Amino acid sequence: MKNVTDSFISLGYWPSAESFGFNTDILATNPINLSVVLGVLIFFGKGVLSDLLDNRKQRILKTIQNSEELRGGAIEQLEKARARLRKVEMEADQFRVNGYSEIEREKLNLINSTSKSLEQLENFKNETIRFEQQKAINQVRQQVFQQALQGALGTLNSCLDNELHLRTISANIGMFGTMKEITN
C-alpha cells in the first residue's frame with residue numbers, strides 16, 4: 001500500500017516539459033509513423049481498390065452471363081431431346097410388336113446422356129465462377145500488397161536522410177552488442 005501511495009506522490013514531482021522539439025527516438029515514434037502511413041494508404045488506395053473491384057465484378061458478371069447463355073443452350077438441347085423422345089415414343093407405338101425393348105433402351109440412353117451433359121455444363125459453370133472469383137481475389141490482394149509496399153518504401157526513403165540512417169544503424173548495432181553481452 002505504501003508503494004502505491006509513493007507512486008502517486010512522485011507524480012507531483014515530475015518536471016514539466018521545458019521546450020518543444022523533435023523526438024529522435026525511432027522506437028517511440030514508430031507507432032505514429034505507422035498510423036500516418038496506414039492512413040495515407042487507406043485514403044489514396046481506396047479509389048484504386050474500388051476500381052479494381054469494379055473491373056473484376058464486370059468480368060465475373062460477363063462470365064456468369066456466358067454461363068447462363070450456355071445453360072440456355074443446354075435447355076434448348078433438352079427441349080430438342082424431349083421432342084425427339086416424343087417422336088421416338090410415337091414410333092414405339094407403331095413398332096411395339098417388333099422392337100419394344102430396343103426403343104426403351106434408346107429412350108433411357110437419350111435421357112441419361114442429356115442429363116449427364118446438363119450436369120456437366122452446370123458443374124463447368126460453377127467451376128468457372130469459383131475460378132474467376134479466386135483469381136480476382138488473388139489479383140486484388142497482390143496489387144494492394146504491392147501498392148502498400150511501394151508506398152511504405154517511398155515514405156521511408158523520403159523521410160530517412162543519411163545522418164538519421166547512420167544513427168539508426170549505430171543504435172541497432174549497440175542494441176545487438178548489449179544483447180550479445182547479456183546472452184554470454
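**Salt bridges, a surface patch and a pocket in a helical chain**

The structure holds eight salt bridges. The model discussed here is a predicted one, and a look at its overall make-up helps to place these contacts. The protein chain has four helices and zero strands, which follow one another along the sequence in the pattern α-α-α-α. Of the 184 residues in the chain, 12% are buried.

A convenient place to begin is helix H2, which spans residues 26–94. Within this helix, Arg 71 and Glu 68 are three residues apart, about one turn of the helix. Their side chains meet in a salt bridge, with an N to O distance of 3.8 Å. Both partners fall in the middle class of accessibility: Arg 71 is partly exposed, with a relative accessible area of 39%, and Glu 68 is partly exposed at 37%. This pair does not stand alone, for Glu 68 and Arg 71 are linked with Glu 122 and Lys 125 in a network of salt bridges.

Further along H2 comes another pair, Glu 76 and Lys 80, this time four residues apart, again about one turn of the helix. The side chains of Glu 76 and Lys 80 form a salt bridge at 3.8 Å, N to O. Here the two partners fall into separate classes. Glu 76 has a relative accessibility of 47% and counts as partly exposed. Lys 80 reaches 55% and therefore counts as exposed, because the exposed class begins over 50%.

A salt bridge between helices is also found. Glu 89 pairs with Lys 107, and their closest N and O atoms are 3.9 Å apart. This contact links distant parts of the chain, since Glu 89 belongs to helix H2 and Lys 107 to helix H3 (residues 96–159), with their positions 18 residues apart in numbering. Glu 89 is partly exposed, at 36% relative accessibility. Lys 107, at 22%, is likewise partly exposed; the value is not under 20%, so Lys 107 does not count as buried.

Attention now turns from charged to nonpolar side chains. Ile 32, Val 36, Val 40, Phe 43 and Phe 44 make up a nonpolar patch on the surface, and together they have about 540 Å² of accessible area. One of these residues, Phe 43, lies in helix H2. With a relative accessibility of 57%, Phe 43 counts as exposed, because this value is over 50%.

Phe 44, a member of the patch, also appears in the description of a pocket. The second largest pocket has a volume of about 240 Å³. Its lining consists of 13 residues, and those nearest the centre of the pocket are Leu 41, Phe 44, Gly 45, Gln 147 and Ala 148. The elements that each give two or more residues to this lining are H2 and H3. Of the elements, H2 gives the most, with eight residues. Sorted by class, the lining of the second largest pocket has eight nonpolar, four polar and one charged residues.

Taken together, these features return several times to helices H2 and H3. The two helices are joined by the salt bridge of Glu 89 and Lys 107, and both contribute to the lining of the second largest pocket. Helix H2 also carries the pair Arg 71 and Glu 68, the pair Glu 76 and Lys 80, and the exposed Phe 43.

Terms used. Residues are numbered from 1 along each chain as its sequence is written. This is a predicted model: local features need pLDDT of at least 70, side-chain atom pairs count only at pLDDT 80 or more; totals for chains, interfaces and linings use all residues. Side-chain values use heavy atoms; hydrogens and water are left out. Patches are made of residues with over 30% relative accessible area and no salt bridge: like charges are joined within 9 Å, nonpolar side chains (Val, Leu, Ile, Met, Phe, Trp, Tyr) within 5 Å. Accessible areas come from the Shrake-Rupley method with a 1.4 Å probe; for residues, only the protein chains shown count as cover. A salt bridge is a side-chain nitrogen of Lys or Arg within 4 Å of a carboxyl oxygen of Asp or Glu. Buried means under 20% relative accessible area, exposed over 50%, partly exposed in between (1.4 Å probe, protein chains only). On a 1 Å grid over the protein atoms alone, a cavity is a set of points where a 1.4 Å probe fits but cannot get out, and a pocket is an open set with protein on both sides within 12 Å along at least five of seven lines; lining residues have an atom within 4 Å of a point. Grid points are joined across faces, edges and corners, and a volume is the space filled by probe spheres set on the points. Ala, Val, Leu, Ile, Met, Phe, Trp, Tyr, Cys and Pro count as nonpolar, Asp, Glu, Lys and Arg as charged, and the others, Gly among them, as polar.
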